[in-house]
Amino acid sequence: MSKFSIKDWPADDQPRKKLLLQGAGALSDSELLAILINTGTNKDSALDVAKNLLFSAENNLSELAEWSVQGMLKKKIRGLGEAKAISIAAALELGIRRNASGRKKQKVTKSADIAEFLRASLEHRQKEVFVVVFLNRANTIIHQELISEGGLTGTVADPRVILKKALEHNATAIILCHNHPSGNLRPSHADELITQKIKQAASLLDILLMDHIIVGNEGYFSFADEGML
């Protein structure tokens, strides 16, 4: 171990040294971001840049995770360029995926078994996306796929694409899912129509539509739980 204390190291090296000596859990959010940022400017250390970025996100990592690379760059944080913003966006996305993976249930018997996994995957999306989970006869997940991505207010789910994918994966059941970036979990009239359309088309192929789940940052809505299937 070095005879120097962490504070004796150059500012940009201090978070890295602290991680080596004490582990990642000992670092603050800004110190972890500083490691990703790597270098500062002649006026600001990497830690200063990290603190300024966090401050612009109201010190909320969930808020920061919703920003695109362009969104970060629009904040005009001194010392934060495109390459550093890309590194941060990639790291935050890994965190989201790790969180989702930890909640994933391989066998689905009720909406809660998969709703939290889907919520963890989709709640940070700023655009509406439509995902389908494919299951076998044992109600075990065999595949998950992003079907479409739309704008801030909607996306398109083509039943032909969904059922083609189901046949390709030999699925006997499917679960539809999309997010509502607005936070409102209630299904729209269009949501109800597309759900019934896909259910009817799937039944012709002996494929069961188990549920349609809408997720947001406040929770989820299950068509099955609400008796709407």
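**Notebook: helix 8 and its surroundings**

I began with Lys165, which is partly exposed at a relative accessible area of 23%. The model is a predicted one, and I read each value below as a property of that model.

**Entry 1, the salt bridge of Lys165.** I looked for the partner of the Lys165 side chain and found Glu145, the two meeting in a salt bridge with an N to O distance of 2.9 Å. Glu145 belongs to strand 2 (residues 141-149) and Lys165 to helix 8, so the pair ties together parts that lie 20 residues apart in sequence. I then asked how many salt bridges the structure holds; the count is 5, and I followed up two others, both with residues numbered close to Lys165.

**Entry 2, two other salt bridges.** Glu168 and Lys164 join their side chains in a salt bridge at 2.8 Å, N to O, and both residues sit in helix 8, 4 residues apart, which is about one turn of the helix. I checked the cover of each residue: Glu168 counts as partly exposed at 44% relative accessibility, whereas Lys164 is exposed, with a relative accessible area of 52%. The other pair I examined is Arg160 with Asp158, whose closest N and O atoms are 3.1 Å apart. Arg160 counts as exposed at 66% relative accessibility, while Asp158, with 24%, is partly exposed.

**Entry 3, the nonpolar patch.** I next noted Leu167, which has its place in helix 8 (residues 159-168) and is partly exposed, with a relative accessible area of 48%. Which residues share a surface patch with Leu167? I found Leu204 and Leu205, the three forming a nonpolar patch with about 320 Å² of accessible area together.

**Entry 4, helix packing.** I turned to the pairing of helix 8 with helix 9 (residues 189-203), which pack at an angle of about 40° with their axes 10 Å apart. That angle makes helix 8 oblique to helix 9, and I recorded the crossing of helix 8 and helix 9 as right-handed. Elsewhere in the chain I looked at helix 2 and helix 3, whose axes come within 8 Å and cross at roughly 120°. Helix 2 and helix 3 are therefore oblique to each other, since the perpendicular class runs from 65 to 115 degrees, and helix 2 passes helix 3 in a right-handed crossing.

**Entry 5, backbone angles.** I noted a positive phi, near 75°, at Asn38, a residue other than glycine. Asn38 lies in the loop between helix 2 (29-37) and helix 3 (46-56) and is partly exposed, with a relative accessible area of 37%. Asp206, again a residue other than glycine, has a positive phi near 60°. I placed Asp206 in the loop between helix 9 and strand 4 (208-216), where Asp206 counts as exposed at 68% relative accessibility.

**Entry 6, a residue of helix 7.** Is Phe117 buried or exposed? I found Phe117 in helix 7 (residues 111-122), and Phe117 is buried, with a relative accessible area of 6%, since the cut-off for buried is under 20%. I also noted that Phe117 and Arg97, 20 residues apart in sequence, are 9.6 Å apart in space from C-alpha to C-alpha.

**Entry 7, the whole chain.** Finally I took the overall tallies: the secondary structure comes to 9 helices and 5 strands, in the sequence order α-α-α-α-α-α-α-β-β-α-β-α-β-β. Of the 229 residues of the chain, I noted that 40% count as buried.

Notes: Residues are numbered from 1 along each chain as its sequence is written. This is a predicted model: local features need pLDDT of at least 70, side-chain atom pairs count only at pLDDT 80 or more; totals for chains, interfaces and linings use all residues. Side-chain values use heavy atoms; hydrogens and water are left out. Patches are made of residues with over 30% relative accessible area and no salt bridge: like charges are joined within 9 Å, nonpolar side chains (Val, Leu, Ile, Met, Phe, Trp, Tyr) within 5 Å. Accessible areas come from the Shrake-Rupley method with a 1.4 Å probe; for residues, only the protein chains shown count as cover. A salt bridge is a side-chain nitrogen of Lys or Arg within 4 Å of a carboxyl oxygen of Asp or Glu. Helices (H or I, at least four residues) and strands (E, at least two) are DSSP runs, numbered from the N terminus. Buried means under 20% relative accessible area, exposed over 50%, partly exposed in between (1.4 Å probe, protein chains only). Axes are lines fitted to C-alpha atoms, for helices over the stretch in contact, and angles run from 0 to 180 degrees between N-to-C directions. Angles under 35 degrees count as roughly parallel, over 145 as roughly antiparallel, 65 to 115 as roughly perpendicular and the rest as oblique. A crossing is left-handed if the near helix is turned anticlockwise from the far one by less than a right angle, and right-handed if clockwise.
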